[in-house]
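Reader: Before I look into the side-chain pairs and the sheet, please set out the conventions as we go, with every cut-off stated.

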Amino acid sequence: MQMQIKIQRWLFSLLIIGALFVGGCGSSPAANSTPTGNPAGESISLSPSPSPAVVAASSQFSNLPRLEGKATVVMTVKGAPITIELDGTNAPITAGNFVDLVQKKVYDGLVFHRVVREPQPFVVQGGDPQGKDPKFPAARLGTGGFIDPKTSAERRIPLEIKVKGAANPTYSATLQEAGIKEKPVLIHSRGAVAMARSQSPDSASSQFYFTLTDVPFLDGSYAVFGYVKQGMDVVDKIEAGDRIDSATVTQGLENFKAAS
């Protein structure tokens, strides 16, 4: 009986990771990613991943926005607020990217295209800019990312995970790929907010997800950058197709550094 339960949990973990593995980045439907599966079953064509390495946030990321400290975002869904505390201390680039998109009103009007509650609670995922168009095919949602008007290309950010005791985050590699056994500072506990991505570590763009329960098997593979502080009851009620009314930075904007 105990062995059967372990097998069921293992199979569920594989199913969920596969679900989260497609749909968060990409300027074309075939190049998008998030921690959920591509409902259309489309293949993803991405450039080769960087070699696994622990690197500091150096000049290669200097063109990305940053959050140097904490900030608060209030996201409203169906008229009800969700208060999110962003942690730019431990995830400066990931949190900074989110603040920048909130400031640009990218999330206003976007749909939550994937909600996984069965066979057990998992995530609520949204942030695909294509979802602003009500006529966009629902089956293709989860394949889009933020197109930077300055470059006319999709902005992608590196996988960013800081472990306990480290001076800097690990970039461009999962902790397993980097050979790091320490636990992340920001874990996938219930109410975590993290970036969805495809197979490439540096493929996150605008798609994000809320965790509906503790999901420790995602720790070290996806970048958590904040937590729901109030309004988790609102998150629990989100259904696929619900839209974000608005998202606003209410505190900590002085900690935000725009892209260079």
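Reader: What relative accessibility does Glu 239 have?
Author: This is a predicted model, in which local features need pLDDT of at least 70 and side-chain atom pairs count only at pLDDT 80 or more, while totals for chains, interfaces and linings use all residues. Residues are numbered from 1 along each chain as its sequence is written, and side-chain values use heavy atoms, with hydrogens and water left out. Buried stands for under 20% relative accessible area, exposed for over 50% and partly exposed for what lies in between (1.4 Å probe, protein chains only). Glu 239 counts as partly exposed because its relative accessibility is 44%.

Reader: Arg 117 and Glu 239 meet in a salt bridge; how many residues apart in sequence are the parts that the pair ties together?
Author: A salt bridge needs a side-chain nitrogen of Lys or Arg within 4 Å of a carboxyl oxygen of Asp or Glu, and here the N to O distance is 3.7 Å. Arg 117 lies in the loop between strand 4 and strand 5, and Glu 239 in the loop between helix 3 (232-237) and strand 13, so the parts they tie together are apart in sequence by 122 residues. Helices (H or I, at least four residues) and strands (E, at least two) are DSSP runs, numbered from the N terminus. Arg 117 is itself partly exposed, at 22%, and the separation in sequence, to state it again, is 122 residues.

Reader: Which residues form one network through salt bridges that share partners?
Author: The closest N and O atoms of Asp 100 and Lys 104 are 2.8 Å apart in their salt bridge. Another salt bridge, at 3.0 Å, joins Glu 154 and Arg 156. The network formed through shared partners consists of Asp 100, Lys 104 and Arg 155.

Reader: How many aromatic pairs are there, and what kind of pair do Tyr 107 and Phe 208 form?
Author: Rings of Phe, Tyr and Trp (its six-membered ring) pair if their centres lie within 6.5 Å, and planes under 30 degrees apart count as stacked, over 60 as edge-to-face and the rest as tilted. The count under this rule is 10 aromatic pairs. The ring centres of Tyr 107 and Phe 208 are 5.3 Å apart and their planes stand at 85°, so the pair is edge-to-face.

Reader: Are Tyr 107 and Phe 208 buried or exposed?
Author: Their pair links distant parts of the chain, with Tyr 107 in the loop between helix 2 (92-103) and strand 4 (112-116) and Phe 208 in strand 11 (residues 208-211), 101 residues apart. Both Tyr 107 and Phe 208 are buried.

Reader: In what order do the strands of the open sheet follow one another, and which are its edge strands?
Author: Two strands pair if DSSP finds at least two bridges between them. The open sheet has eight strands with antiparallel pairing, in the order 4-5-11-10-12-3-2-13. Those that pair on one side only, its edge strands, are strand 4 and strand 13 (244-251).

Reader: Which residue stands opposite Phe 112 in strand 5?
Author: Four of the five residues of strand 4 are buried, so this strand is largely enclosed by the rest of the structure. Four bridges pair strand 4 with strand 5 (residues 123-126) in the antiparallel sense, and a hairpin of six residues joins the two. Opposite Phe 112, in strand 5, stands Gly 126.
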